[in-house]
Amino acid sequence: ALLVAGGAVYVAYYSPISSGATVHAFDLKTGAPRFSTAVRGLGPIDHSKYANQVVLRSVGGALAVFGNEAAGRYIEVLDATTGKTLSNRVLPQDPRARR
């Protein structure tokens, strides 16, 4: 997942068949790294069949990470400058989601 906002490029690196993600931020002009942060998400989950999707959005100057995993969903808000976790909300699995 990619997002360009506030002079930065944000990249969410994740596997579609395992839990979690890492968000990397780079300066848009220089390419210099700003931060690399592992999201808390749902936490580690062992499973033989898994699905994982991550979307990034800029919301009110912060970076919102929307995760939709086989075991549930989460919304994690990161400080767009430092990558510090500002909030994490775990939501139940979407019964309409196809796996």
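Q: Which residue in β2 stands opposite leucine 2?

A: As a general idea, strands of a sheet pair through backbone hydrogen bonds, either parallel or antiparallel. Strands here are DSSP runs of E with at least two residues, helices being runs of H or I with at least four, and both are numbered from the N terminus; two strands pair if DSSP finds at least two bridges between them. In this structure, leucine 2 stands opposite valine 11 in β2, and leucine 3 stands opposite tyrosine 10 in that strand. The model is a predicted one, in which local features need pLDDT of at least 70 and side-chain atom pairs count only at pLDDT 80 or more, whereas totals for chains, interfaces and linings use all residues. Residues are numbered from 1 along each chain as its sequence is written, and side-chain values use heavy atoms, with hydrogens and water left out.

Q: How many bridges join β1 to strand β2, and how many residues lie between them in the hairpin?

A: Four bridges join β1 to β2 (residues 8-13), and these strands run antiparallel. The hairpin that they form has two residues between the strands, and glycine 6 in the turn has a positive phi of about 55°.

Q: Which side chains along strand β1 are buried, and which are not?

A: The term to fix beforehand is accessibility: buried means under 20% relative accessible area, exposed means over 50%, and partly exposed lies in between, using a 1.4 Å probe and protein chains only. Along β1 (residues 2-5) the side chains alternate, with Leu3 and Ala5 buried on one face, while Leu2 and Val4 point to the other and are not buried. Strand β2 also alternates: Ala8, Tyr10 and Ala12 point to one face and are buried, whereas Val9, Val11 and Tyr13 point to the other and are not.

Q: What is the order of the open sheet that four strands form, starting from β1, and which are its edge strands?

A: The order is β1-β2-β3-β4, with antiparallel pairing, and the edge strands are β1 and β4, each of which pairs on one side only. Neighbouring strands of this sheet are turned by 15° against each other on average, direction ignored; for such angles, axes are lines fitted to C-alpha atoms, for helices over the stretch in contact, and the angles run from 0 to 180 degrees between N-to-C directions. Strands β2 and β3 pair over six bridges, with alanine 8 opposite aspartate 27 in β3. Five bridges join β3 to β4, where serine 36 is the bridge partner of histidine 24.

Q: What is the order of the open sheet that includes β5 and β8?

A: Its four strands follow the order β5-β6-β7-β8, with antiparallel pairing; the edge strands, each pairing on one side only, are β5 (52-59) and β8 (85-91). Strand β7 (residues 72-78) pairs with β8 over six bridges, and valine 77 stands opposite serine 87 in β8.

Q: How many aromatic pairs does a search of the whole structure find?

A: Rings of Phe, Tyr and Trp (its six-membered ring) pair if their centres lie within 6.5 Å, and planes under 30 degrees apart count as stacked, over 60 as edge-to-face and the rest as tilted. The search finds one pair: the rings of tyrosine 10 and phenylalanine 35 have centres 6.2 Å apart and planes at 40°, so the pair is tilted. It links distant parts of the chain, with tyrosine 10 in β2 and phenylalanine 35 in β4 (residues 33-38), 25 residues apart. Tyrosine 10 is buried at 4% relative accessibility, and phenylalanine 35 is buried at 9%.

Q: Which residues have the most contacts inside the largest nonpolar core?

A: A nonpolar core is a set of buried Ala, Val, Leu, Ile, Met, Phe, Trp, Tyr and Cys residues joined through side-chain atoms within 4.5 Å. The largest one has 17 residues, and those with the most contacts inside it are Tyr10, Val23, Leu56, Leu63 and Val65. At least two core residues come from each of β1, β2, β3 (22-27), β5, β6 (62-69) and β7, and β2 gives the most, with three.

Q: Which residue forms a salt bridge with aspartate 27?

A: A salt bridge is a side-chain nitrogen of Lys or Arg within 4 Å of a carboxyl oxygen of Asp or Glu. The structure holds one, in which arginine 34 is the partner of aspartate 27, the closest N and O atoms being 3.2 Å apart. Arginine 34 counts as partly exposed, at 33% relative accessibility.
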